[in-house]
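Subject: Structure handover

Hello,

Here is the structure for you to look through. Please open it first, then read my notes below.

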Amino acid sequence: CSFYVQTSVYEGSCTTITEALIFGKPVVTTDIDIAFEKIEEGKNGLICKMTGVDIAEKVGFLLLEPGRIDKMSMYINNNPIFYGDQIAAFDELIDTLIYE
């Protein structure tokens, strides 16, 4: 995918937003509480109101100029959020599944 859209009314820790950011994908999300902890508006994603119109506007904003997606992806890859040993554990799991 080019970017991830999360249209929830509520999320606890929103693992899917974290996963999208791990993979360097910008996020469009509704203004759930956790969004403000993970999304830097305009840098790694966009936060919208819980309306179909606002969601469509933010998605359209990215689709109309793919360079915006690339710029956000670059920002994400250059400014990763801390995941501790989770990435290494994931890579080890994948290597185990592929090579064993």
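Three bridges join strand 1 to strand 2 (residues 27-30), and these two strands run parallel. One pair to find is Val5 and Val28, the latter being the bridge partner in strand 2. Keep in mind that this is a predicted model.

The sheet

The sheet is open and has three strands. Their order is 1-2-3, and the pairing is parallel. Why do strand 1 and strand 3 each have one side without a neighbour in the sheet? Strand 1 (4-6) and strand 3 (45-48) stand at the edges with a single partner strand each, so one side of each is left free of a neighbour there. Neighbouring strands are turned by 10° against each other on average, direction ignored.

Two helices pack on this sheet. Helix 1 (residues 15-22) touches strand 1 and strand 2. The direction of helix 1 makes about 165° with that of strand 1. Helix 3 (residues 52-63) touches strand 1, strand 2 and strand 3. The direction of helix 3 makes about 160° with that of strand 3.

The cores

The largest nonpolar core has eleven residues. Among them are Cys14, Ile17, Ala20, Leu21, Val27 and Ile76. Which element gives the most to this core? Helix 1 does, with three residues. A second core is separate and has nine residues, including Val28, Leu46, Ile55 and Leu62.

Take a look at Cys14 as well. Leaving aside neighbours within four places in sequence, Cys14 is in contact with Gln6, Ile32, Ile34 and Lys38.

Helix 1

Ile17, Thr18, Ala20 and Leu21 are buried in helix 1. Look down the axis of helix 1: the buried residues fall within an arc of 160°, so they line one face of the helix. What covers them? The cover includes strand 1, strand 2, helix 2 (35-38) and helix 4 (66-78). Just after helix 1 comes Gly24, with a positive phi of about 75°.

Lys43

Lys43 lies in the loop between helix 2 and strand 3. Lys43 has 43% relative accessibility, so this residue counts as partly exposed. Not counting residues up to four places away in sequence, Lys43 touches Met72 and Tyr75. Thr30 is 13 residues from Lys43 along the chain, and their C-alpha atoms are separated by 16 Å.

Salt bridges

Side chains of opposite charge can pair when their charged atoms come close. How many salt bridges are there? The count comes to two.

One salt bridge joins Asp54 and Lys58, with the closest N and O atoms 3.5 Å apart. Both residues lie in helix 3. They are four residues apart, about one turn of the helix. Are Asp54 and Lys58 buried or exposed? Both are buried.

The other salt bridge is between the side chains of Glu65 and Arg68, at 3.5 Å from N to O. Glu65 has 42% relative accessibility, so Glu65 counts as partly exposed. Arg68 is at 26%, so Arg68 counts as partly exposed too.

Best wishes

Key: Residues numbered from 1 in each chain as written. Predicted model: local features only at pLDDT ≥ 70, side-chain atom pairs only at ≥ 80, totals over all residues. Heavy atoms only, no water. Pairing = 2+ DSSP bridges. Axes fitted to C-alpha atoms, helices over the stretch in contact; angles between N-to-C directions. Contact = heavy atoms within 4.5 Å. Core = buried A, V, L, I, M, F, W, Y, C linked by side-chain atoms within 4.5 Å. Buried < 20%, exposed > 50% of the residue type's maximum accessible area, 1.4 Å probe, protein only. Arc of directions from axis to C-beta. Salt bridge = Lys/Arg side-chain N within 4 Å of Asp/Glu carboxyl O.
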